[in-house]
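Biologist: I am new to this structure and would love a close look at a single part of it. Could you pick up one helix and walk me through its surroundings?

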Amino acid sequence: MVTEDAFRDCVREILRNTGYTVERWLYYDAYGYVYGYPSEIELDIVVKDGITMIAKITSTIRRTDIIAIHCKAELYTKVTGRPIDKVLAITPFISDKNPDYVKVMAERMGIKIITPEGMTGQGQ
């Protein structure tokens, strides 16, 4: 978790220096839209030239994470009224028995998974 936070902070700083606006969106989901129970929701929102993106940076991603990211994007739009143009999930590892399916599943939900070549893994 500490490594993820450090990497996320580094990416935020790099993007700021290239003209992107990076904001952390925190929202209390009292109705449980994302997880099925009340919880705090956090998103990294990146904006440049009128394009609004969600960037989820994580050490690994699973099928359930894709669903949560999709629900968070929907909730963000519903609460703020701001549409999302792109949703990116940046990870070195897809933790699933079929990582290619996870990528297809994400694509169908409008999420692009970015991984280094050869880093999608097997197993949970």
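What follows is a tour of one helix, its helix neighbour and the sheet beside it.

Biologist: Which strands does H2 lie across, and which residues of H2 and H3 make the contact between these two helices?

Modeller: Happy to help! Please keep in mind that this is a predicted model. Let me begin with the whole chain, to give you some bearings. The protein chain holds 3 helices and 5 strands, and from the N terminus on they follow the order α-β-β-β-α-β-α-β. Of its 124 residues, 37% are buried.

Now to your helix. H2 covers residues 63-80, and its axis comes within 10 Å of the axis of H3, residues 99-108. The two axes cross at roughly 10°. Angles under 35 degrees count as roughly parallel, so H2 is roughly parallel to H3. On the H2 side, the contact is made by Arg63, Ile66 and Ile67; H3 brings Tyr101, Val102, Met105 and Ala106. Sorted by class, this contact has 6 nonpolar residues, 1 charged residue and no polar ones.

Next, the sheet. H2 lies across S1, S2 (39-48), S3, S4 and S5, and runs at about 90° to S1. Those 5 strands form an open sheet with mixed pairing, in the order S1-S2-S3-S4-S5. S1 (21-29) and S5 stand at the edges with a single partner strand each, so one side of each has no neighbour in the sheet. From one strand to the next, the twist averages 30°.

Within the sheet, look at S3 (residues 51-57) and S4 (residues 86-90): they run parallel and are joined by 5 bridges. One residue of interest here is methionine 53, whose bridge partner in S4 is lysine 86.

Lysine 86 also leads us back towards H3. Its C-alpha atom is separated by 7.5 Å from that of glycine 110, although these two residues are 24 apart along the chain. You will find glycine 110 in the loop between H3 and S5 (111-114). Its relative accessibility is 45%, which is why glycine 110 counts as partly exposed.

One last look at the chain as a whole puts that pair in context. Among contacts between residues at least 6 apart in sequence, 63% join residues at least 24 apart. As for the outside, the protein chain exposes about 7,500 Å², with carbon and sulfur atoms supplying 54% of that area.

Notes: Residues numbered from 1 in each chain as written. Predicted model: local features only at pLDDT ≥ 70, side-chain atom pairs only at ≥ 80, totals over all residues. Heavy atoms only, no water. Axes fitted to C-alpha atoms, helices over the stretch in contact; angles between N-to-C directions. Helix = DSSP H or I, 4+ residues; strand = E, 2+ residues; numbered from the N terminus. Parallel < 35°, antiparallel > 145°, perpendicular 65-115°, else oblique. Contact = heavy atoms within 4.5 Å. Nonpolar A, V, L, I, M, F, W, Y, C, P; charged D, E, K, R; others polar. Buried < 20%, exposed > 50% of the residue type's maximum accessible area, 1.4 Å probe, protein only. Areas by Shrake-Rupley, 256 points an atom, 1.4 Å probe, with all protein chains shown as cover. Pairing = 2+ DSSP bridges.
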